[in-house]
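This report goes through one protein model. The topics are its salt bridges, its nonpolar core, its charged surface and two loop positions.

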Amino acid sequence: MFHRLIPLLCAVLMAGSPALAESTSVLIEEQVRQRWGDELPVEATIHVRFSAGSVKEAELISAFWIDPDSGSFLANAVTDTGVTHRLQGLALAKLSLPVPTRRLMPGEIIGEADFRITELPVARVGAFTLTDPASLEGKQVRRMLAQGRPVMRQSVMEPLVIGRGDKVNILYDDGRLVVTAPGRALSDAHRGQDVRIVNLVSNNSLTAVARADGLVEVIR
């Protein structure tokens with residue numbers, strides 16, 4: 001059953017005062033984090049579940065094996081009496097991340113009520129999965145988001161503040177004089193993005209920066 005398990009040996013130096021007993025859950029978590037190394041996100045939590053008959057405290061783990069796919073592990077725990085106990089169970093690394101509470105369609109703006117926080121095994125969280133709620137709230141849906149499913153970074157975007165064909169207020173500010181003029185957008189733009197516009201007074205086309213809904217600024 002454990003022919004695919006990866007051995008990890010824990011070398012412990014015994015010197016000076018005797019080691020203090022520690023919870024076996026903590027000891028197993030340490031071994032799992034050592035196994036994952038830099039691949040494990042800092043914010044991940046380790047959930048350890050033992051099979052029946054395990055000891056609650058030990059001084060050290062003398063040997064440890066784990067299947068990285070399933071989380072099944074075997075460990076040798078040495079108690080303060082010098083007795084070695086075989087531990088067996090599951091140790092899963094999980095991440096908390098936001099998932100939609102309903103199906104969200106392209107163009108919708110994501111509000112606080114549109115997602116909830118859940119935990120998923122790290123192995124199921126892709127490199128482009130959004131894990132920070134702040135990176136989801138207030139964003140605009142680019143691709144349909146399924147209820148309860150992780151959200152990919154490319155599925156959302158900063159909301160558009162300027163739409164192609166929208167009437168806009170053009171702000172000219174050279175540091176000494178501020179002038180405004182009516183205009184029309186020739187393309188879509190997010191906040192802070194360049195956008196092509198036409199000045200409806202001079203009929204000249206120019207590039208501005210989208211600042212807010214219906215407001216663009218020409219930088220000089």
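## Basis and the helix pair

Helices are DSSP runs of H or I with at least four residues, and they are numbered from the N terminus. The model is predicted. Helix α1 spans residues 24-36.

Within helix α1, Arg 33 and Glu 29 are 4 residues apart, about one turn of the helix. The two form a salt bridge, and their closest N and O atoms are 3.1 Å apart. Arg 33 is partly exposed at a relative accessible area of 29%, and Glu 29 is also partly exposed, at 26%.

## Other salt bridges

How many salt bridges does the model contain by the distance rule? The count comes to 5. Side chains of opposite charge can pair when their charged atoms come close.

Lys 139 pairs with Glu 158, with 3.6 Å between the closest N and O atoms. This salt bridge links distant parts of the chain, 19 residues apart: Lys 139 sits in the loop between β8 (115-121) and β9 (140-141), while Glu 158 sits in the loop between β10 (156-157) and β11 (160-162). Is Lys 139 buried or exposed? Lys 139 counts as buried because its relative accessibility is 16%, and the cut-off for buried is under 20%. Its partner Glu 158 counts as partly exposed at 44%.

A further salt bridge joins Glu 217 and Arg 211, whose closest N and O atoms are 2.8 Å apart. Glu 217 is buried, with a relative accessible area of 13%, whereas Arg 211 is partly exposed at 35%. Arg 102, Glu 108 and Asp 114 are connected through a network of salt bridges.

## Nonpolar core

In soluble globular proteins, nonpolar side chains tend to be buried together. The largest nonpolar core of this model has 22 residues. Which of them touch the most other members? They are Ile 28, Val 32, Ile 61, Phe 64, Phe 73, Ala 75 and Leu 87.

Two or more core residues come from each of α1, β5 (60-66), β6 (72-78) and β7 (84-100). The largest share, 5 residues, is given by β7.

## Negative surface patch

Glu 22, Glu 30, Glu 57 and Asp 80 form a negative surface patch. Among them, Glu 30 belongs to helix α1. Glu 30 is partly exposed because its relative accessible area is 45%, which lies between the limits of 20% for buried and 50% for exposed. Patch residues need over 30% relative accessible area and no salt bridge, so the 45% of Glu 30 meets the area condition.

## Two exposed loop positions

Leu 20 is found in the loop between β1 (6-9) and β2 (22-23). With a relative accessible area of 74%, Leu 20 is exposed. Leu 20 and Gly 165 are separated by 145 residues in sequence and by 72 Å in space, C-alpha to C-alpha.

Most residues other than glycine have a negative phi. Asn 203 has a positive phi of about 65° although it is not a glycine. Where is Asn 203 placed? Asn 203 is in the loop between β15 (194-199) and β16 (205-212). Asn 203 is exposed, at a relative accessible area of 62%.

Terms used: Residues numbered from 1 in each chain as written. Predicted model: local features only at pLDDT ≥ 70, side-chain atom pairs only at ≥ 80, totals over all residues. Heavy atoms only, no water. Patch = residues over 30% accessible without salt bridge, like charges linked within 9 Å, V, L, I, M, F, W, Y side chains within 5 Å. Areas by Shrake-Rupley, 256 points an atom, 1.4 Å probe, with all protein chains shown as cover. Salt bridge = Lys/Arg side-chain N within 4 Å of Asp/Glu carboxyl O. Lys, Arg positive; Asp, Glu negative; His and termini not counted. Charge placed at Lys NZ, Arg CZ, Asp CG, Glu CD. Buried < 20%, exposed > 50% of the residue type's maximum accessible area, 1.4 Å probe, protein only. Core = buried A, V, L, I, M, F, W, Y, C linked by side-chain atoms within 4.5 Å.
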